[in-house]
Amino acid sequence: MNRQSDAGRSQVVSDGRALRLEAVDGELSVREGRVWITRRGDLDDHVLSAGESMRLSAHDRAVIEQWRRDQPA
């Protein structure tokens, strides 16, 4: 599901579907829930909770998934 917000593009991760981000220069912020983030070339996976954020650069390719299937993020 996609939503637009005044602050920019906003997306919801739900239904067990992964969200792929490519060539996005900006900050990924989690508004609710918890997400698991994998970036190409990054040996670490990242788990962010509501209120946390992560910087993504234009060369990053990331896959974002909800941490729990019963909890959209």
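**Exercise 1. The surroundings of Asp60**

Task: In this predicted model, determine which residues Asp60 touches, leaving aside residues up to four places away in sequence, and then establish where Asp60 lies and whether it counts as buried or exposed.

Solution: Begin with the contacts: Asp60 touches Leu21, Glu22, Ala23, Arg39 and Arg55, when residues up to four places away in sequence are not counted. Next, place the residue in the chain, where Asp60 is found in the loop between β7 (53-56) and β8. Then take its accessibility: Asp60 has a relative accessibility of 11%, and since buried means under 20%, Asp60 counts as buried. Finally, look at the polar atoms of its side chain, one of which lies 2.9 Å from the backbone nitrogen of Ser57, while the side chains of Asp60 and Arg39 are joined by a polar contact of 3.5 Å.

**Exercise 2. The partner residue, Arg39**

Task: Work out in which strand Arg39 has its place, what its side chain reaches at 3.4 Å, and which residues Arg39 touches beyond those up to four places away in sequence.

Solution: The first step is location, and Arg39 belongs to strand β5. The second step is burial: with a relative accessible area of 17%, Arg39 is buried, because the limit for that class is under 20%. The third step follows the side chain, which reaches the backbone oxygen of Arg55 at 3.4 Å and also makes a polar contact with the side chain of Asp60 at 3.5 Å. The last step widens the view to the contacts of Arg39, which, with residues up to four places away in sequence left out, are His46, Met54, Arg55, Leu56, Asp60, Arg61 and Ala62.

**Exercise 3. The sheet and its edges**

Task: Give the order of the strands in the open sheet of four strands, and explain why one side of β3 and of β6 is left without a neighbour in the sheet.

Solution: Start from the order, which is β3-β8-β5-β6, with antiparallel pairing. β3 (19-22) and β6 (45-49) stand at the edges and each has a single partner strand, so one side of each has no neighbour in the sheet. From one strand to the next, the twist averages 25°. To examine one pairing in detail, take strand β5 (residues 34-39) and β6, which run antiparallel and are joined by five bridges; Trp36 stands opposite Val47 in β6.

**Exercise 4. The aromatic pair**

Task: Identify which residues form the one aromatic pair in the structure, and state how many residues apart they are.

Solution: The structure holds one aromatic pair. Trp36 and Trp67 form this pair in an edge-to-face arrangement, with 6.5 Å from centre to centre and 80° between the planes. The pair links distant parts of the chain, for Trp36 sits in strand β5 and Trp67 in the segment after β8 (61-66), 31 residues apart. As to accessibility, Trp36 counts as partly exposed at 34%, and Trp67 counts as partly exposed at 41%.

**Exercise 5. The chain as a whole**

Task: State how many helices and strands the chain contains, and what percentage of its 73 residues is buried.

Solution: Counting the elements gives zero helices and eight strands. Buried residues account for 29% of the 73 residues, and the chain exposes about 5300 Å², of which carbon and sulfur atoms supply 43%. Turning to the contacts with a separation of 6 or more, 61% of them are between residues 24 or more positions apart.

Key: Residues are numbered from 1 along each chain as its sequence is written. This is a predicted model: local features need pLDDT of at least 70, side-chain atom pairs count only at pLDDT 80 or more; totals for chains, interfaces and linings use all residues. Side-chain values use heavy atoms; hydrogens and water are left out. Two strands pair if DSSP finds at least two bridges between them. Helices (H or I, at least four residues) and strands (E, at least two) are DSSP runs, numbered from the N terminus. Axes are lines fitted to C-alpha atoms, for helices over the stretch in contact, and angles run from 0 to 180 degrees between N-to-C directions. Buried means under 20% relative accessible area, exposed over 50%, partly exposed in between (1.4 Å probe, protein chains only). A polar contact is a pair of N or O atoms within 3.5 Å; within protein, one must be able to donate a hydrogen and the other to accept it, and residues adjacent in sequence count only if both atoms are side-chain atoms. Contact means heavy atoms within 4.5 Å. Accessible areas come from the Shrake-Rupley method with a 1.4 Å probe; for residues, only the protein chains shown count as cover. Rings of Phe, Tyr and Trp (its six-membered ring) pair if their centres lie within 6.5 Å; planes under 30 degrees apart count as stacked, over 60 as edge-to-face and the rest as tilted.
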